[in-house]
Amino acid sequence: MLNSQDNETLVRVGPGTAMGQLMRLYWIPFLASADVERDGQPHRVRLLGEDLVAFRDSEGQVGLVDQACPHRGAPMVFARNEEGGIRCIYHGWKFDVTGQCQETPAEPPGSAMTSRMTIKSYPVRERNGVLWTYMGPKRETPPPLPELEWNMVPESHSVVTIRVQECNWLQALEGEIDSAHAAILHGRRKGSTIAQWRQGQDLSPKFEVQPHDAGISIAARRKDGTEHNYVRVNQFLMPFWTLVPPQTQYPELSGHAWVPIDDHHTLAIMFSYTPDQPFYEKSRKLFKDGYKGRETGHHSHGAYEARPVTVPYHRYWSRFNRGNAYNYDYQTGMPGLWLEDAACGSGVATIYDRSQEHLGSTDAGIVRVRRLLLESAKKLAEGAEPVSAAKPSSFMMRAISVTIPAGSDWMELGRDYMKAELGKGFGYTP
C-alpha cells in the first residue's frame, strides 16, 4: 500500500504538482484529428487540469490555446474560427495557432496592443489520425514525438477509440498492468470466448518485473501443463502508456494512453493494431458496433452520450458511467469488457485512498510502476529529467504472450519479440 503523501503525489497532476511537472515533459495525445475540422467548431479540451480550446485554421494547422480570451475572459469555445485564426465573439480579438494576436478591431488603428498581446498556447503535432501536444518547458523546441508503434503503422492497420473515464489516471492505468484479474473479471459469463482465455487455466500467476529505458516489463507466468509456462508480458511505458499482449483468439496488439484530464477524470485512448497487415475488418466492425448489445475492449460508436460544446471532450462521454452504475445487473454483470475494468477502477471513488489497500504477490508490477513514477518525480525535482522523455526510440516495445519451457527465462527468450519494428510480424504464434 502507499502512504497518504505518496498517494497524493501520484494522483495530483495540475500545474506545479510533482506528477504534473513530470507529465509535461512528454508529448500527450488528446484528440482524434477528424474531430477538429478546418474553420469548424472549436473543441474544449482539459489536460493536466488546464482548460484549453483546440481548433484547425483555414490552412489546416491545429492550435491549442487557453479557453479564456486574455482580454476579458470570454469563452473561446464560442469563438469564430475563420480566415486563419480564432476570433473571440466578444470584442473580435483574433489569435493564430501560435497564440499571437492578429487583430483587435475595437482598439484604435495602429495600437501596439495587437502585436504585444498573446494567448497561452501549446504546440500541436498530428500523426496517423491523432493530435498530440507538448506542455513542457522549451515549447519552441520540443522533443520529437515518441515512436509508439500503434501510431506509426498505416492507419489501415489500426483502430483508435477515445472515451472519458471518471476516475484518477493511475487507477485507470493500474487495471491494465494487472493481468491477474483478466480471466476472473472478464470470464464471468460462462460459455463466452473470454471464458476460454488461456489465462483461465492458472488463476495464480507468478509475477516477475524487469525495468527498461522507457518503463517496466511486467510478466505473469502461468503453468501450462507440466513442461511449459504461458507467459504474458504487459508493458508500462512512461508516463501513462500500457501495452497488452495478444490473445490466441485475437492476434492483435493493443493498449491505452491513460491521459490525465484532471485529478478526477481520465482520457482513455485505446488502440488496437496489426503490425504487418491491414486490421481485420470483422474485428473493426465488432469494435465499432459492439456485439449483441455488449461492449468490447473499445467503446462502441453508438454508446456515446452527447454533451454541450462547453464540456471538455463533449464527443467522448459514455452513456455507461458512474451515475448509472455502468448498467450493472447482478445476473449478467456489466454489459461489456471495458465497462468491467472501468467499474472496478472508478466505482468506489474517483480517487481511492491507497493507504487502505492490502497488496498481494500479483501486485508486484503495480508496486514497481508506482515506485518508478515517484522516483522519477523526485529526480526531476532535483534537476534530472527522465531519459525516455527525449529518446523516442525507447518506446518501440511490444507486449507479448509466449509459451516457453517451464522455469526458463522469458526475458531472454522473448527479447526479440518485445522489440517493435515497423512492418515486422509477431515472430511467434500467440
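Modeller: Before we look around, one definition: a residue counts as buried when its relative accessible area is under 20%, as exposed when it is over 50%, and as partly exposed in between. Keep in mind too that this is a predicted model.

Colleague: Okay, let me try that on a helix. How many of the 10 residues of helix α7 are buried?

Modeller: In helix α7, which runs over residues 337-346, 8 of the 10 are buried, so the helix is largely enclosed by the rest of the structure. Those residues are Leu337, Trp338, Leu339, Glu340, Ala342, Ala343, Gly345 and Ser346.

Colleague: And what covers the buried residues of α7?

Modeller: The cover includes strand β12 (158-165), along with α4 (169-176) and α5 (182-185).

Colleague: Next, the rings. How do I decide that two of them pair up, and how many aromatic pairs are there?

Modeller: Look at the ring centres: they have to lie within 6.5 Å, and then the angle between the planes names the pair, with under 30 degrees being stacked, over 60 edge-to-face and the rest tilted. By that rule, the count here is 13 aromatic pairs. Take Phe279 and Phe287: their centres are 5.9 Å apart and their planes meet at 40°, so this pair is tilted. Phe279 is buried, at 2% relative accessible area, and Phe287 is buried as well, at 9%.

Colleague: Can you show me another pair?

Modeller: Sure. Tyr417 and Tyr428 make a tilted pair, 4.8 Å from centre to centre with 40° between the planes. That pair links distant parts of the chain: Tyr417 and Tyr428 are 11 residues apart, each in the segment after α9 (410-414).

Colleague: Is Tyr428 buried or exposed?

Modeller: Use the cut-off we began with: Tyr428 has 14% relative accessibility, which is under 20%, so Tyr428 counts as buried. Its partner Tyr417 comes in at 27%, so Tyr417 is partly exposed.

Colleague: Which residues do ring pairs link into a cluster?

Modeller: Trp132, Trp150, Phe240, Trp241 and Phe271. There's a charge to spot there as well: the charged end of Arg127 sits over the ring of Trp132, 5.8 Å from the ring centre.

Colleague: What do I look for when helices pack?

Modeller: Two packed helices are described by the angle between their axes and the distance between the axes. For a case here, try helix α1 (residues 4-11) and helix α8 (residues 364-381): their axes come within 10 Å and cross at roughly 75°. An angle from 65 to 115 degrees counts as roughly perpendicular, and α1 and α8 are therefore roughly perpendicular to each other.

Colleague: Which residues of α1 and α8 make the contact?

Modeller: From α1 you have Asp6, Thr9 and Leu10, and from α8 you have Arg370, Leu373 and Leu374. Sorted by class, that contact of α1 with α8 has 3 nonpolar, 1 polar and 2 charged residues.

Colleague: Last topic, the backbone. Where can I find a positive phi in a residue other than glycine?

Modeller: Try Asp39, with phi near 55°, in the loop between β1 (27-32) and β2 (43-47). Asp39 is partly exposed, at 36% relative accessibility. Lys138 also has phi near 55°; look for Lys138 in the loop between β11 (130-134) and β12. Lys138 is exposed, at 65% relative accessible area.

Colleague: And is the peptide bond from Met238 to Pro239 cis or trans?

Modeller: That bond is cis, with omega near -10°. You'll find Pro239 in the loop between β15 (228-237) and β16 (241-244).

Terms used
Residues numbered from 1 in each chain as written. Predicted model: local features only at pLDDT ≥ 70, side-chain atom pairs only at ≥ 80, totals over all residues. Heavy atoms only, no water. Phe/Tyr/Trp six-rings, centres within 6.5 Å; stacked < 30°, edge-to-face > 60°. Buried < 20%, exposed > 50% of the residue type's maximum accessible area, 1.4 Å probe, protein only. Helix = DSSP H or I, 4+ residues; strand = E, 2+ residues; numbered from the N terminus. Lys NZ or Arg CZ within 6 Å of the ring centre and 35° of its normal. Axes fitted to C-alpha atoms, helices over the stretch in contact; angles between N-to-C directions. Parallel < 35°, antiparallel > 145°, perpendicular 65-115°, else oblique. Contact = heavy atoms within 4.5 Å. Nonpolar A, V, L, I, M, F, W, Y, C, P; charged D, E, K, R; others polar.
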